[in-house]
Amino acid sequence: MSNYKFSRVPFVDRLQKINEEILLAGGERRIDKQHANHKLTARERLDLLFDEGSFTEYDKYVVHRCSDFGMEKQKFYTDGVITGHGKINGRTVYAFSQDFTIFGGSLSETFAAKVCKIMDQALLVGAPVIGLNDSGGARIQEGVLSLAGYAEIFQRNVDSSGVIPQISLIMGPCAGGAVYSPALTDFVFMVENTSYMFVTGPEVVKTVTNEDVTKEDLGGASVHTAKSGVAHKKFENDIQAIASTRKLMGYLPSSNDEPAPKREWTLEDEANQTSGNILNNIIPDDPNKPYDMKIVIESVCDRNDFFEIQPDFAKNIVVGYGHIEGKVVGIVANQPQVLAGCLDIDASIKGARFVRTCDAFNIPIVIFEDVPGFLPGTDQEYGGIIKHGAKLLYAFAECTTPKITVITRKGYGGAFDVMSCKQLSGDMNYAWPTAEIAVMGAKGAVEIIFRGKNVEEETEKYEHAFANPLKAAENGHIDDIIIPSTTRQRIARDLELLENKDKQKPYRKHGNIPL
């Protein structure tokens, strides 16, 4: 930071030089190093994130107040974070972008205050917050003031949860206590090879457990998108991550008081929509043969465009966003190509989190069900499948946004209940003619009921009774048996019907979901 203490230069000239200095952040050498590490600068990221010329910066003249360890001689404007608001596709969004070229993007008391200011204002006006993370963590020289700053941010993450969308982009290091702010937000995107998240780094791991592990193997993008489930998507570079964030914003409302943005949909668009006839033949004759549920999803979505969330984690369940006749929907679907579509611990957690996110922001949910049950095994039982499976059940039962379920093939046992059955306040529940709704498959049921006697004959009888959706329809557990090619039209009609759904829950402080 330049020293103008004794300068007699007119202030407007000094201000111009200060503004030029601010644009250089930590200096050209550090900017060059940032680029050499295949990372954009904090300002370059914001330029890509917001509509051109729409960003308004706050507090760019702020400097830290620390005087310990010679810090009074090291001051930079912005103090390592750029904050403000701008437009994404014409809608107001607040953002902070951590600047690694200034003190490694480390968080100080004033840094935290800047972030808290825009979080408070975003909550006040009802606008999303996006955090671009690239930081070495707490500023050690400030000690407890830095730790308190993190806690101030965490509290605001919690206060904003379910009120305004919060999105975190991890574009560099994010370690120690710093990881908990992204973990509290709705979506976490990571950049491959340049970003990592962990509570304790490789050196600490080596000291405590004697394990040798790299930063990438401990907390890189591949780890958190495929193994831990902490992150929702990974991208090759900053540009792709930011472009995908802008697309995600097109599915989310500005706050829980506003509807999700609609996309224009005309009669011409509908005429050009891919025919759903492919769905009439997608279910194999062999009930044990898999098929790709994503084909079903894309056939129903406008322009066959489906924005998948967590595509690399718990692949036996598919979640994401799409449009149907211009209206945003969240989609939850079993994937028969992976573990036969069985629900397991990871799938239950993934599905429950997505359902609750949709419900918080009043986004209707479409469920495509083909589930033979919960995955058996000691690993699942010891890992708590009972508790984790209950999370998905709880999420669907608690959800008051419109829910439309289509059973494409199997709906077996407790998993049938969990996947938003009629009795879990399902609004519309349909079945294709290929649906099988029963406690279990025919072979297993006959073995138990008849103890191995007349197996072939009794299996045939059982299949006649249960290997179709008629019994469920006779009892009112599904609303209709529909031809697969009409699925999109039925869902579109129901979305219009349920648009003003207003289901009120009895007062309580909060439910006690089995965490």
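**Figure 1. Gln-166 and the residues that surround it.** Apart from neighbours within four places in sequence, Gln-166 is in contact with Met-119, Val-129, Arg-156, Asn-157, Ser-160, Ser-161, Leu-184, Thr-185, Asp-186 and Phe-187. The model shown here and in the other views is predicted. Gln-166 belongs to strand β5, which runs over residues 166–170. Its relative accessible area is 2%, so Gln-166 counts as buried, the limit for that label being under 20%.

**Figure 2. Phe-187 in strand β7.** Strand β7 covers residues 187–191, and Phe-187 lies in this strand. Is Phe-187 buried or exposed? Phe-187 is buried, because its relative accessibility is 3%. Leaving out residues up to four places away in sequence, Phe-187 touches Gln-166, Ile-167, Ser-168, His-232, Leu-248, Leu-252, Ile-309, Tyr-321 and Thr-357. One of these residues, Thr-357, is 170 residues from Phe-187 in sequence. In space, the C-alpha atoms of Phe-187 and Thr-357 are 9.6 Å apart.

**Figure 3. Gln-34 in helix α2.** Helix α2 is made of residues 28–36, and Gln-34 is found in it. With a relative accessible area of 3%, Gln-34 is buried. Which backbone atom does the side chain of Gln-34 reach? The side chain reaches the backbone oxygen of Leu-40, at 3.0 Å. Leu-40 is also among the residues in contact with Gln-34 when neighbours within four places in sequence are set aside. The others are Lys-39, Thr-41, Arg-45, Phe-100, Thr-101 and Asp-134.

**Figure 4. Gln-98 and its polar contacts.** Gln-98 is found in strand β3, which spans residues 91–98. A relative accessibility of 9% places Gln-98 among the buried residues. A polar atom of the Gln-98 side chain lies 2.8 Å from the backbone nitrogen of Asp-134. The side chain of Gln-98 is also joined to the side chain of Asn-133 by a polar contact of 3.5 Å. Both Asn-133 and Asp-134 are in the list of residues that Gln-98 touches, which leaves out residues up to four places away in sequence. That list also includes Ala-42, Arg-45, Gly-80, Val-81, Phe-111, Leu-132 and Ser-135. Arg-45 and Asp-134 appear in the contact list of Gln-34 as well. Gly-414 is 316 residues from Gln-98 along the chain, and the C-alpha atoms of the two are separated by 46 Å.

**Figure 5. Leu-23 in helix α1.** Leu-23 has its place in helix α1, residues 11–23. Is Leu-23 buried or exposed? Leu-23 is exposed, because its relative accessible area is 56% and the label applies over 50%. Between the C-alpha atoms of Leu-23 and Asp-359 there is a separation of 41 Å. Along the chain, these two residues are 336 residues apart.

**Figure 6. Asn-193 and Ser-425, two loop residues with positive phi.** Asn-193 is not a glycine, yet its phi is positive, at about 70°. Asn-193 lies in the loop between β7 and β8, the latter being residues 196–198. Its relative accessible area of 67% makes Asn-193 exposed. Ser-425 is not a glycine either, and has a positive phi of about 60°. The loop that holds Ser-425 runs between α16 (413–418) and β15 (428–431). How exposed is Ser-425, and what is its relative accessibility? Ser-425 counts as partly exposed, at 26% relative accessibility.

**Figure 7. The whole chain, for placing the close-up views.** The secondary structure of the chain consists of 20 helices and 17 strands. The radius of gyration is 26 Å, close to the 24 Å given by the globule rule for 515 residues, so the chain is as compact as a globular protein of that length. Along the principal axes, the C-alpha atoms fill a box of roughly 100 × 60 × 45 Å. Of the 515 residues, 52% are buried. Among contacts between residues at least 6 apart in sequence, 73% join residues at least 24 apart. The accessible surface is about 24,200 Å², and 53% of it belongs to carbon and sulfur atoms. The chain has 56 positive and 69 negative charges, and the mean positions of the two sets are 5 Å apart.

Technical notes:
Residues are numbered from 1 along each chain as its sequence is written. This is a predicted model: local features need pLDDT of at least 70, side-chain atom pairs count only at pLDDT 80 or more; totals for chains, interfaces and linings use all residues. Side-chain values use heavy atoms; hydrogens and water are left out. Helices (H or I, at least four residues) and strands (E, at least two) are DSSP runs, numbered from the N terminus. The radius of gyration is taken over C-alpha atoms; the globule rule is 2.2 Å times the number of residues to the power 0.38. Buried means under 20% relative accessible area, exposed over 50%, partly exposed in between (1.4 Å probe, protein chains only). Contact means heavy atoms within 4.5 Å. Accessible areas come from the Shrake-Rupley method with a 1.4 Å probe; for residues, only the protein chains shown count as cover. Lys and Arg count as positive and Asp and Glu as negative; His and the chain ends are not counted. The place of a charge is taken as NZ of Lys, CZ of Arg, CG of Asp or CD of Glu. A polar contact is a pair of N or O atoms within 3.5 Å; within protein, one must be able to donate a hydrogen and the other to accept it, and residues adjacent in sequence count only if both atoms are side-chain atoms.
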